[in-house]
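Me: I'm new to this one, so please pick a strand and show me closely how it is tied to its neighbours. After that, tell me how far I can trust what I see and what else is worth a look.

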Amino acid sequence: MLKPLVIAVVVGAVAGGLWCMPGPAPQVQRSTGIGYDRIGAARCGAPTKTTVDLARDAVLIVRAHVLTERAVRASGLIWSEWELDVTETWKGDLPDPPLLVREPGGKIGHVEMRVSAGVRYRVGDEVVAFIVKDALGQWRTAGMTQGQWRVADGRAMRATDRGRSTSVAALRRAVQITNEEGR
Amino acid sequence: MNARVRPYLVVLVAALTALSVRAYLPIWSGGPTTPTPNTWPSGASVNYAVNDQVGTQVIFQAGSLVVPAIDTAVARLGVLSGLTFINQGQTPITDPAQDGTNLLTWADTPANQALLGGGLGITTVWFTNGVITEFDVVGNGSPNSPAPGQGFFFSTLGTPGWFDVDGFVMHEAGHGIGMDHSALFNASMYPFQFAGTLKTRLPAADDDAGVGAIYAQNTGTGSVAGTVQRTGGGTVAGAHVFLVDAVTGRTRQGGFTIGAGTFTIDGIAPGIYRVYVEPVDGPFGPANFSAAWWNGVTIDNTFQTAALGGVASPTVLKVAAGATNSVGTINVNGPAPTRNMVQVFYLSTPTPLVNPVSTLEQPAPYAAWFGIFGTGVDQGPDSAFTFLGPFPDITGPSTWATSNPGFDDRIFPLSIPAETPSGSYVLQWDDPTTGELVVFPGCLEVLPPATPRAYTAPYGPGCPGSTGPVTLTGTGTPSLGNAAFSVTLAGQLGGQLAYFVLCALPDHLQVGPGCFASVDWMTSFFDLTAIALPTGGGGMLTVPFPVPNDPALAGTDIYAQVLVSDPMTPAGYALSNALALHFE
C-alpha cells in the first residue's frame with residue numbers, strides 16, 4: 001500500500017545543476033545501515049543513491065590521499081583533475097598510476113568555468129572514493145558528492161551526511177558485501 | 001473618510017509599483033569571507049543560439065513550442081537583470097565549449113552525457129575577472145539517461161509528468177547570468193525541478209532579489225544583515241537564513257551565512273518580517289550550496305533551527321526602504337537535528353491508496369490531502385504541525401502516519417481559503433517530543449489566481465483593554481466597488497473613544513509593556529479622528545468601509561489598527577490587533 005508513496009520520495013540532494021523529483025519508477029532500496037540514504041529515485045538518476053547502489057555502480061572503490069590538483073582542458077571545457085595516491089583498493093582493478101579523477105569546472109589563468117554545483121577534492125585529504133568511468137572515458141566520482149567520503153580518525157563522512165560519520169571499517173564491510181553479492 | 005484616503009492611496013500605488021525585492025545568491029569568486037559576484041556587464045546584450053535538434057527529439061512532447069518557451073524564459077531574466085537576450089537562431093553546435101556561443105542544447109552526445117552525470121540539466125558558466133563571458137545550458141536529451149528507458153521528457157504544454165521547458169530554462173539560464181541556487185522551495189533557482197510543475201516559470205521574490213542584487217536593480221528596498229553563531233562562540237557558515245512576512249506568513253528572500261558566519265539579505269520590500277535560521281541538511285543540502293565547493297565555505301549543518309529573538313516568540317523586524325537592519329547575532333545550538341522534513345506532496349485521498357499528485361500547485365481556494373516525508377514526521381502530536389500566517393491551515397487530525405526505513409510520512413487535510421494571497425508558505429513542526437523546531441520554507445506554493453483577489457489579514461498583538469483583547473476584523477473583502485465591506489471593532493470598553501489609524505506600512509513598535517503599534521504611524525493617511533463607541537453591546541462598533549471602484553487601488557495594501565481609550569488600564573488605552581487590507 002505504501003509503495004506509491006515510497007516511489008515518490010527523494011531524500012537528500014546531490015550536486016550538479018538541476019535535478020528533479022519525484023519520478024514514476026524508482027524502487028525502494030534496502031538499507032546497508034550506513035548513513036541515512038536508504039531510498040533511491042531512479043527517475044532522477046544520480047540525485048540519491050544508497051551506498052549499495054553506489055558500490056554496485058562504481059567500477060573502482062579506493063581509499064586514497066589526494067596528492068595534487070590541476071585544471072585541464074578537455075572536450076572544450078575546463079575540468080579539475082586530482083591525482084589520488086591509493087592505499088587500499090576495495091573494488092575493481094586499479095589502473096596504472098597515476099589515478100586521475102576529473103570533475104567539471106576549474107580555472108586556467110584568468111579564465112574560470114563553473115557548474116552550479118559538483119564534487120571537489122582537497123589536496124591533503126584522505127578519502128574513500130567510489131569511481132565510475134563517464135561517457136568520455138574519464139574517471140569520475142559516482143553519484144557526485146555521494147561517492148566521496150572524507151576520512152579522519154578512522155571515520156568517513158560525506159557532505160550529505162549531516163555530521164554523522166561512519167567507521168571506515170563499516171563502510172569497507174558494506175562494499176565487501178556488495179562485491180560478494182555481485183559475484 | 002474614503003475621499004480623503006483615495007489620493008494617498010493613489011500615491012501609494014505609484015510607490016508600490018516602484019518597489020522590487022532583491023537578495024544575494026550569486027555564483028561568486030573569492031574565498032569564504034570575500035564573495036565577489038560574477039556577472040555580465042551591466043545592460044549587456046547577450047546573444048544565444050539553440051541547437052537545431054531541439055524540438056525534434058523524442059524527449060520533447062509533440063506539439064511543444066520549445067524555442068518560443070526558451071525565448072520567453074530568457075526574456076524574463078532579461079527584465080529582471082537589465083540584460084538584453086537576443087536569439088541568434090539555430091545552430092548545429094551540439095556540445096558546450098568556450099566557443100563564443102551561448103548555447104542551449106539537449107543533444108544526446110557522449111560529451112553532454114559525461115557532463116550531465118545522469119541529471120536533468122546543467123549549465124557551464126565562463127568568466128574572467130568577475131565578468132561572465134559565456135554560458136551553455138545542457139538538457140538531458142537521452143531517453144535512456146539516467147537509466148535505460150527512464151530518461152527525462154520535456155514539454156511546453158504543462159502536461160503532468162513532463163518537465164517544463166520554460167521553468168527549466170529559467171533555472172539554468174539563471175545560472176548563466178550568475179545566480180547560484182536558492183534554498184527556498186518555491187524559487188526558480190531551487191535546485192530541484194518537479195515533473196509537471198509550472199511554478200519555476202515565474203520568478204519568486206527570492207529569484208527577483210538575487211538577480212537584482214547582482215545587477216544593481218534595487219530601488220525602494222531594505223536589507224537585513226547579521227551573524228549566526230553558536231551560543232558561547234563559534235560562527236556558523238553555510239546556514240540558510242530566510243525571512244517570513246509577519247503579516248501574511250509568506251516566505252520572501254533567503255540567503256546564506258558565509259565563512260565568517262555573516263549574512264546579508266537585501267532587496268527586501270518594506271514591511272515586517274521574522275528571521276529564521278535553519279541548517280542546510282536537506283532537501284536543500286550541502287551539495288547544492290556550491291560555495292562550499294568553489295569558495296571554501298565549510299558548512300556547519302549540525303545545529304537546530306533558530307529564529308531571531310528565539311523560536312518561542314520570534315522578533316518581528318521592521319524593514320524600511322533604504323535602510324540596513326543589523327540584527328546582530330542569532331544564536332544557534334546543537335546537536336544535529338534528529339528531525340527533518342524533506343518533501344511534501346498532495347493526494348486526492350486521505351491515505352496513500354493512489355499515486356500522489358506530486359507538488360501540483362494551484363490558485364486558491366482548494367482543499368487537498370497534504371503529505372509530508374521526513375525523518376520522524378510520524379512521531380508526536382498533530383498539533384505540532386502548523387503553517388505560519390493566517391491563511392493555509394491544517395484542518396483536522398492526520399489520516400496517515402507511518403514509519404519506514406529511512407523516512408517517515410504523515411498525511412493531513414489541508415485547506416487553502418479563497419482569500420489566500422499567492423506566494424509560498426512555511427510549514428513549521430514544533431516537535432514536543434524532542435524539543436526541536438523544523439521548518440520547511442516555501443513548501444506550499446499558492447499560484448496567482450486568474451483574477452487577483454482582495455483579502456484581509458489580521459496580525460500583530462496590540463494590547464488588551466480592561467475587558468480583554470480588542471479585535472478588529474473585516475466583513476467581506478476589500479474588492480474594488482464592494483460597497484458592503486466593513487470593519488468591526490469588538491472587545492473594548494463601551495462608551496469610550498476609538499481612533500482608527502490607516503497606514504501605508506505595517507510596524508512592530510513597542511509602545512508600552514506588552515503593547516505594540518502594528519502600523520507605521522509615520523505613514524498614516526490622515527489625522528486621527530475620534531469615533532464615539534456605543535455604551536451597549538460591549539462597545540462593539542461596525543464601520544462601513546465601501547471600497548471605491550477605482551482601478552488605481554488594485555494591488556495596494558493598507559494597514560489598520562484602532563486605539564481605544566480605556567481609563568481602566570494603566571496606560572489609559574488599548575490597541576486592537578492590526579488588519580491588513582489588500583485591494584483588488
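**A strand and its partners in chain A**

Reply: A:Ile131 sits across from A:Thr141, which belongs to strand 8 of chain A. Before going further, a bit of housekeeping: residues count from 1 along each chain as its sequence is written, while chains get letters from A and ligands numbers from 1 in the order in which they are written. Also, this is a predicted model, where local features need pLDDT of at least 70, side-chain atom pairs count only at pLDDT 80 or more, and totals for chains, interfaces and linings use all residues.

Back to our strand. Strand 7 of chain A covers residues 126–133, with strands being DSSP runs of E of at least two residues and helices runs of H or I of at least four, numbered from the N terminus. Its pairing with strand 8 (residues 139–141) of chain A is antiparallel and uses three bridges; to count as paired at all, two strands need at least two bridges in DSSP. Strand 7 and strand 8 of chain A make a hairpin, and five residues lie between them. Look in that turn for A:Gly137, whose phi is positive, at about 80°.

Which strand pairs with strand 7 of chain A through six bridges? That's strand 2 (residues 60–74) of chain A, and the two run antiparallel. If you want a spot to click on, find A:Ile61, which faces A:Phe130 in strand 7 of chain A.

Strand 9 (residues 148–152) of chain A is also joined to strand 7 of chain A, again antiparallel, by four bridges. There, A:Val127 has A:Arg150 of strand 9 as its bridge partner.

Follow the chain past strand 9 and you reach A:Asp153, in the loop leading from strand 9 to strand 10 (155–157) of chain A. A:Asp153 has a positive phi of about 55°, even though it isn't a glycine. For background, most residues other than glycine have a negative phi, and most peptide bonds are trans. Chain A has a cis peptide bond to show you as well: the one joining A:Pro97 and A:Pro98, with omega at about 0°. A:Pro98 is in the loop between strand 3 (77–91) and strand 4 (99–104) of chain A.

So how much should you trust this? The mean pLDDT of chain A (pLDDT being the predictor's confidence in each residue, from 0 to 100) is 76, and 70% of the residues score at least 70. Among the elements of chain A, strand 2, our strand's partner, has the highest mean pLDDT, 98, and helix 1 (residues 3–8) the lowest, 30. Be wary of residues 1–47 of chain A, where pLDDT stays under 50; the model still has 181 contacts beyond four places in sequence for them, a contact being two residues whose C-beta atoms, placed from the backbone, lie within 7 Å.

Chain B averages a pLDDT of 89, with 94% of its residues at 70 or more. Its weak stretch is residues 1–23, again with pLDDT under 50, and the model has 55 contacts beyond four places in sequence there. For the complex, the predictor gives an ipTM of 0.85 and a pTM of 0.88.

While you're over in chain B, here are a couple of sheets. In one, three strands make an open sheet in the order 14-11-18, with mixed pairing. Strand 14 (262–268) and strand 18 (324–332) of chain B are at its edges with a single partner strand each, so one side of each has no neighbour in the sheet. Strand 11 (residues 222–230) of chain B runs antiparallel to strand 14 of chain B, and five bridges join them; B:Val224, for instance, is opposite B:Ile265 in strand 14.

The other is an open sheet of three strands in the order 29-30-35 of chain B, with antiparallel pairing. Here strand 29 (471–475) and strand 35 (541–544) of chain B are the edge strands, pairing on one side only. Five bridges hold the antiparallel pairing of strand 29 with strand 30 (residues 486–490) of chain B, and B:Leu472 faces B:Leu489 of strand 30.

One last stop is the cis peptide bond from B:Gly282 to B:Pro283, with omega near 5°. You'll find B:Pro283 in the loop between strand 15 (271–278) and helix 6 (291–294) of chain B.
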